Amino acid sequence: MLDNLRKVQEKLRYFFDNLDLLKIALTHRSYSAEHNLDYCNERMEFLGDSILSAVVSEYLYRKYYGDNEGKLSQIKSQIVSAKNLSVWAKKIKLDDYVFVSRSEEANFARQRETLLCDSFEAVIGAMYLDSDFSNAKNFINRFLYEQKEVISTDYKSQFQEMIQAQYQILPEYRVVKEYGPDHEKTFEVEVYVRDEYFGFGKGGSKKQAEQSAALSAIKRMQGDLTED
């Protein structure tokens with residue numbers, strides 16, 4: 001374990017005074033349950049998520065000074081998405097160092113976007129607790145400055161704009177099913193407009209499932225428009 005902690009610190013380019021904080025940040029709930037530990041990385045993930053949000057918001061405020069709040073929010077949602085953060089996590093090989101249970105290991109949990117995203121946020125929280133906001137901010141900015149562009153995948157916003165333009169109302173997302181253990185749930189969502197079914201999606205969180213359903217609905221609408 002100590003060797004892994006040393007290696008991950010080299011990837012992070014940050015060395016902890018309190019290694020226990022890093023160990024907690026890398027401990028998935030499944031590993032905690034398997035080894036009867038009284039800690040996992042969920043609380044640090046909560047903290048890291050808030051720090052990440054603040055840093056990204058400031059970065060976008062300064063970079064895109066001509067854009068309004070709605071546009072900044074769309075860009076931010078893509079940057080802090082599980083898809084994007086999992087890419088950042090893989091850049092520093094975080095998937096090699098997260099502690100997961102044997103059963104989760106067998107199910108390739110290390111490659112899941114949600115697990116990588118949560119672990120990345122937990123590391124941010126651990127850095128903050130170990131030192132200060134400045135070090136956590138520098139770590140995040142390292143990835144922000146390397147990201148040349150953000151490709152919009154905010155399908156919910158796109159679909160909402162399409163629906164408002166045509167119907168002057170908002171779409172409604174309904175969770176129709178959820179299953180799996182608490183630490184790795186899957187959600188199935190359907191989207192409706194005036195009680196008419198428009199699309200279906202699923203994901204590791206309600207947000208992901210809603211984005212998937214919105215994309216499905218957009219494809220359906222574009223198909224309808226093409227046929228016309």
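Axes are lines fitted to C-alpha atoms, for helices over the stretch in contact, and angles run from 0 to 180 degrees between N-to-C directions. This is a predicted model, in which local features need pLDDT of at least 70 and side-chain atom pairs count only at pLDDT 80 or more, while totals for chains, interfaces and linings use all residues. Residues are numbered from 1 along each chain as its sequence is written, and side-chain values use heavy atoms, with hydrogens and water left out.

**Exercise 1. The chain as a whole**

Task: State how many helices and strands the chain has, and in what pattern they follow.

Solution:
- Step 1. Take helices (H or I, at least four residues) and strands (E, at least two) as DSSP runs, numbered from the N terminus.
- Step 2. Count them: the chain has eleven helices and three strands.
- Step 3. Read along the sequence: the pattern is α-α-α-α-α-α-α-α-α-α-β-β-β-α.
- Step 4. Add the extent: along the principal axes, the C-alpha atoms fill a box of roughly 65 × 45 × 25 Å.
- Step 5. Add burial: of the 228 residues in the chain, 41% are buried. Buried means under 20% relative accessible area, exposed over 50%, and partly exposed in between (1.4 Å probe, protein chains only).

**Exercise 2. The cores**

Task: Find which residues have the most contacts inside the largest nonpolar core, and which helix gives the most to this core.

Solution:
- Step 1. Fix the term: a nonpolar core is a set of buried Ala, Val, Leu, Ile, Met, Phe, Trp, Tyr and Cys residues joined through side-chain atoms within 4.5 Å.
- Step 2. The largest nonpolar core has 45 residues, and Leu 12, Leu 26, Leu 94, Phe 120 and Phe 139 have the most contacts inside it.
- Step 3. Two or more residues come from each of α1 (2-12), α2 (19-25), α4 (42-63), α5 (69-79), α6 (82-91), α8 (113-130) and α9 (133-146).
- Step 4. With nine residues, α8 gives the most to this core.
- Step 5. Look at Leu 12. Leaving out residues up to four places away in sequence, Leu 12 touches Leu 22, Ile 92, Val 123, Met 127, Phe 139 and Arg 142. Contact means heavy atoms within 4.5 Å.
- Step 6. A second, separate core has 15 residues, among them Phe 159, Ile 163, Tyr 173 and Phe 187.

**Exercise 3. Helix α6 against helix α8**

Task: Describe how α6 and α8 pack, giving the angle and the distance between their axes.

Solution:
- Step 1. α6 and α8 pack at about 70 degrees, and their axes are 8 Å apart.
- Step 2. α6 is therefore roughly perpendicular to α8. Angles under 35 degrees count as roughly parallel, over 145 as roughly antiparallel, 65 to 115 as roughly perpendicular and the rest as oblique.
- Step 3. From α6, the contact uses Ala 82, Lys 83, Leu 85, Ser 86, Trp 88, Ala 89 and Lys 90; from α8, Glu 113, Leu 116, Cys 117, Phe 120 and Glu 121.
- Step 4. By class, these are seven nonpolar, one polar and four charged residues. Ala, Val, Leu, Ile, Met, Phe, Trp, Tyr, Cys and Pro count as nonpolar, Asp, Glu, Lys and Arg as charged, and the others, Gly among them, as polar.

**Exercise 4. Helix α4 against helix α9**

Task: Say how α4 lies to α9, then place Ile 140.

Solution:
- Step 1. The angle between α4 and α9 is about 55 degrees, with the axes 10 Å apart.
- Step 2. α4 is therefore oblique to α9.
- Step 3. Ile 51, Leu 52, Val 55, Val 56, Glu 58 and Tyr 59 in α4 meet Phe 133, Ala 136, Lys 137, Ile 140, Asn 141, Leu 144 and Tyr 145 in α9.
- Step 4. This contact has ten nonpolar, one polar and two charged residues.
- Step 5. Ile 140 lies in helix α9. Its relative accessibility is 0%, so Ile 140 counts as buried.
- Step 6. Not counting residues up to four places away in sequence, Ile 140 touches Ile 51, Leu 52, Val 55 and Ile 124.

**Exercise 5. Two positive phi values**

Task: Locate Gln 168 and Asp 195, and decide whether each is buried or exposed.

Solution:
- Step 1. Most residues other than glycine have a negative phi.
- Step 2. Gln 168 has a positive phi, near 60 degrees. Gln 168 sits in the loop between α10 (155-167) and β1 (172-179).
- Step 3. With a relative accessible area of 58%, Gln 168 is exposed.
- Step 4. Asp 195 has a positive phi near 65 degrees. The loop between β2 (186-193) and β3 (196-203) holds Asp 195.
- Step 5. Asp 195 has 60% relative accessibility, so Asp 195 counts as exposed.
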